[in-house]
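Please open the structure in your viewer and keep the selection tool at hand. The tour goes from stop to stop, saying what to select and what is there.

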Amino acid sequence: MKDGQPKAIQLADYQAPAYTTKKTELFFDIRDGETQVTSNLSVVRQTDGGSSLELAGEDLELVSVMVDGRELGSNEFLKDSESLTLLGLDEAHQIQIVTKICPEENTALEGLYRSGGMYCTQCEAEGFRKITYYQDRPDVLSKFTTTIIADGERYPNLLSNGNLIAASKTADGRSQVTWEDPFPKPSYLFALVAGDLAVLEDEFVTCSGRKVTLQIFSEPHNIEQCDYAMDVLKRSMKWDEERFGREYDLDIFMIVAVEDFNMGAMENKGLNVFNTSCVLASPDTATDETYERVEAVVAHEYFHNWSGNRVTCRDWFQLSLKEGFTVFRDAEFSSDMNSRAVKRIEDVGVMRAIQFAEDASPLAHPVRPSSYLEISNFYTVTIYEKGAEVVRMYQTLLGEENFRKATDVYFDRHDGTAATTDDFAQAMSEVGNIDLTQFKRWYEQAGTPHLSVKEDFIDGQLTLSIQQSCPDTPSQVGKKPFHMPILMGLVGASGDSIDLAGLAIESAAAFQVRDAGQSLLLEIREETTEIKFSKLNTDDAKPVVSFLREFSAPVKVSHERSDSELAFLVENDRDGFVRWDALQTLWVKHFDDRQTLVGADPIQTFAQVAKAAIDLTDAEDQLFAGTMLLVPNENYLFEQISGFEVDSLLDAREAALDAAAAQHSDVWAQLCERYKPTGAYAPTASGMAQRGLYSVAFALHARTLSGNALEKALSERYFSADNLSDRRSALGIITRNPLLTSDFRNDILEHFFQQWQDQALVIDLWFNLQAQSPLYDIDALNKLASHPSFDLKNPNRARSVYGVFAMLNNRRFHALDGSGYDFMGRAVARLDELNPQIASRLATPLARFGRYDSKRQGLMRGVLENLSRRENLSKDLYEIVSKSLA
Ligand code: TRP
Ligand code: ZN
């Protein structure tokens, strides 16, 4: 570690600062190799907590400090490597600080840095302190004015938050502009961009009739790929007005696309900065998944304008207040735009494969953590996705109408301030008239709760007993029961839902019958809950229980029931999630050596779904069928099955796909015929549905081929494709099918590279598909990582090789000789010197060692131990490594 052991920041130590910064005036003088930042701060005392003002600052060269016009001598302030403290202050002061920074050398991509030909900033969470000394904490809200001076020839676009209020030339011919943001904001929402950019411009008229200018900036060669993002932006603005009553508040909204970016995008006030991967899209450069991601991320960042910017977080422990809520909001948007059932299934897939794994690992943490070393490490699936599940549970408990009212209360009450998850819960509790004290354990307790469900059916009376528990997690032993909403229904032998309004229902727990008797909401609070349904028709067989509809709580369920009931639910339930879930359960049982399937076979059920898909005409039904036909991915199986052996499980999965391909070859051929590409590419629900089904069917069909027939089918599909989705689906098979010759594989890869070498995001995919191929041994991977187009400094590129390898190439990452772990360990070490945020993220797959066999555990720990012994480990990586080994 750099300066000894870093100190943990504790939620329990939170204190409002003695002073706040009311106004912030910034001057940036940007020159090659050196940028000078002058800040004029109006600070005032806000509590009687003392007379000193602590300003955070890192990697800054301090030029001067002035208080009320008088320059301080170096004995009049305290300075160390992380802060500058002014002492003996009165009620109010005007402070001026001048610092110098070097954006050109900033490879951490935090603070002000260069990407391609432009300068840009990333300040969340604590990047502003790398620009100037400041109260860089989210509970200090300030009005910002920003002046930028730069060479106007090379940097004609000089952007910052808010409205442009002045533009002129300096005496020596440089450009000078001033931006003013009328909304007080914390420093993490500050942004600045200087570049020579192209712009796509449009307009949105808000519900109250105000005109808003919309601009998307990118490097000129990418501007043709911005139309889809613009379309999404306008749809998001409209949707947020209609669904949440939220109107945009400035006269201008800008997005800038940047090639080097640590995350997806950033919601800076009025000036969102995006990773190109989350904004650019065209048929030849984006797959259907990319279009979906652009839709989700553009909406997400826009929605932050209310959930995050107008109401921000008091401290970083409250991160999920804005992230969980905003993910919930973007998920609802995507559901309304496309298919609600499919979106829900995709999100549950991520929860189960990735969030549950995090919750079961040494890095498990609550939705509201109580301590951290480096906050950048807490932008996790737990904060984002589990946080969104918590918000969804409020909506389920309160009902949509009251939930909406409660969000209005929350926004109104906390507008212009920094709030907490308790404030959010308070608004929900008041409007819903519901005690949420116990519910708040979802914020405090880490780990995935487990429900064990038992059924008892005698004399036409069905009793469900539900037992809840939650495993211990690091530093949390002995969890208390959660308050959770369980949506359920009963399905009769005919396949129709039984009308619950006609039954006698008894439970000590609260419940409500909903959806005109079709479903029921049960509120579990105790460790054990029983619910009894009587007055069922006694002639009938036991109804089939449809449990946890819509995945109404982020829990694991083990439900004692027959496999034929699962197959029945796949066919008959009214809830898309339950249908999918039942099929996943069959698959998991099929792959789990410790379980035996009786009277059901997922391959048969799967083939039935496929057969039925031939006749579908509705796009949503087709999208749903395409989703049902994805066999659970490897990471999903790793999470759902315990005590597995990596290679055997991967072999079993391949064997199941081969069996499905061979046993039902006619179905795949028919599906290919039915859904073969027609007409030009469009990222519409029906286009995506058809490509999805074709792609699944083609992949299975290809498994029945070999030799020339296989090569012919693949070349045809690859060369006839007029879009990246179809091309990718061919290339995905080409990179991993062991029956192909390496000449054939390499020729097509070379062709692809030649054709798309100018499109960075397409070349990322080229690296990605190879890095995830089990055919690539460590030599091949090293070759990939030393390819002239590989660049460790570009996060997208680094992720497309190393991130993809560790997450998706399970065969090679978990190689028993330890070569895969070693390959990752070396990459993480090198990256840590350039970009600690990315390094620590790439290290997290190594922290999941607990679920593998002891040999692999030992090897993974060994790599982590080597990392922990390195000198100059970043705080980011130190936290991941030390917590993993604790
Ligand atoms: N707030 C961003 C979001 O909407 C997250 C983010 C963007 C971020 N860039 C970052 C977080 C850099 C940490 C570091 O999700
Ligand atoms: Zn966000």
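In which helix is V350 found? Select V350 and you will land in helix 4. Keep in mind throughout that this is a predicted model.

**Stop 1: a nonpolar patch**

With V350 still selected, add I354, M807 and L808; these residues make a nonpolar surface patch of about 260 Å². Two elements, helix 4 (340-359) and helix 22 (795-808), each give two or more residues to the patch. V350 counts as partly exposed because its relative accessible area is 30%.

**Stop 2: the zinc site**

Select the zinc ion, which is ligand 2, and show the residues around it. Which protein atoms are its donors? They are NE2 of H300, NE2 of H304 and two OE donors from E323, lying 1.9 to 2.8 Å from the ion. Along the sequence, the donor residues of this zinc ion follow the spacing H-x3-H-x18-E. Two of the residues come from distant parts of the chain: H304 is in the loop between helix 2 (288-303) and strand 22 (311-313), while E323 is in helix 3, 19 residues apart. Both H304 and E323 are buried.

Now look at the angles at the zinc ion. There are six donor atoms, and the angles among them run from 47 to 160°, so the site is irregular. For comparison, six ideal octahedral donors would give angles of 90 or 180 degrees.

**Stop 3: a salt bridge from helix 3**

Stay in helix 3 (residues 319-337) and select K322, then add E124, which is in the loop between strand 11 (118-122) and strand 12. The two residues are 198 residues apart in the chain, yet they form a salt bridge whose closest N and O atoms are 2.7 Å apart. Is K322 buried or exposed? K322 is buried, because its relative accessible area is 1%. E124 is buried as well, with a value of 8%.

Move one residue along from E124 to A125. The peptide bond that joins E124 and A125 is cis, with omega about -5°. A125 is in the loop between strand 11 and strand 12.

**Stop 4: a salt bridge between two loops**

Next select R154 and D32. Their closest N and O atoms are 2.9 Å apart, and the two residues form a salt bridge. R154 is in the loop between strand 12 (142-150) and strand 13 (157-160), and D32 is in the loop between strand 2 (19-31) and strand 3 (34-45), 122 residues apart. R154 is partly exposed at 40% relative accessibility, whereas D32 is exposed at 52%.

**Stop 5: a salt-bridge network**

Select R856 and E645, which form a salt bridge with closest N and O atoms 2.9 Å apart. This pair also links distant parts of the chain: R856 is in helix 26 (residues 854-868), and E645 is in the loop between helix 13 (634-640) and helix 14 (646-663). R856 is buried, at 0% relative accessibility, but E645 is partly exposed, at 30%. Add D647, D651, R811 and D853 to the selection: together with E645 and R856, they are linked in a network of salt bridges. The count for the model comes to 68 salt bridges.

**Stop 6: two buried residues in helices**

Select D764 in helix 20 (residues 760-771). D764 is buried, with a relative accessible area of 9%. Which residues does D764 contact, leaving aside neighbours within four places in sequence? They are N796, R797 and S800.

Then go to M428 in helix 7 (residues 421-432). M428 is buried, because its relative accessibility is 0%. Apart from neighbours within four places in sequence, M428 has contacts that include Y394, L398, F403 and I434. To try the distance tool, pick the C-alpha atoms of M428 and L280: they are separated by 37 Å.

**Stop 7: two positive phi angles**

Select S475, in the loop between strand 26 (461-469) and strand 27 (484-491). Its phi is near 65°, a positive value in a residue other than glycine. S475 is exposed, with a relative accessible area of 80%.

Finish at L548, in the loop between strand 32 (544-547) and strand 33 (556-559). L548 is not a glycine either, and it has a positive phi of about 60°. At 3% relative accessibility, L548 is buried.

Definitions and conventions:
Residues numbered from 1 in each chain as written. Chains lettered and ligands numbered in written order. Predicted model: local features only at pLDDT ≥ 70, side-chain atom pairs only at ≥ 80, totals over all residues. Heavy atoms only, no water. Patch = residues over 30% accessible without salt bridge, like charges linked within 9 Å, V, L, I, M, F, W, Y side chains within 5 Å. Areas by Shrake-Rupley, 256 points an atom, 1.4 Å probe, with all protein chains shown as cover. Salt bridge = Lys/Arg side-chain N within 4 Å of Asp/Glu carboxyl O. Helix = DSSP H or I, 4+ residues; strand = E, 2+ residues; numbered from the N terminus. Buried < 20%, exposed > 50% of the residue type's maximum accessible area, 1.4 Å probe, protein only. Donors = N, O, S within 2.8 Å, 3.2 Å for Na, K, Ca; no water. Tetrahedral: all angles 85-135°; square planar, octahedral: opposite > 155°, others 65-115°. Contact = heavy atoms within 4.5 Å.
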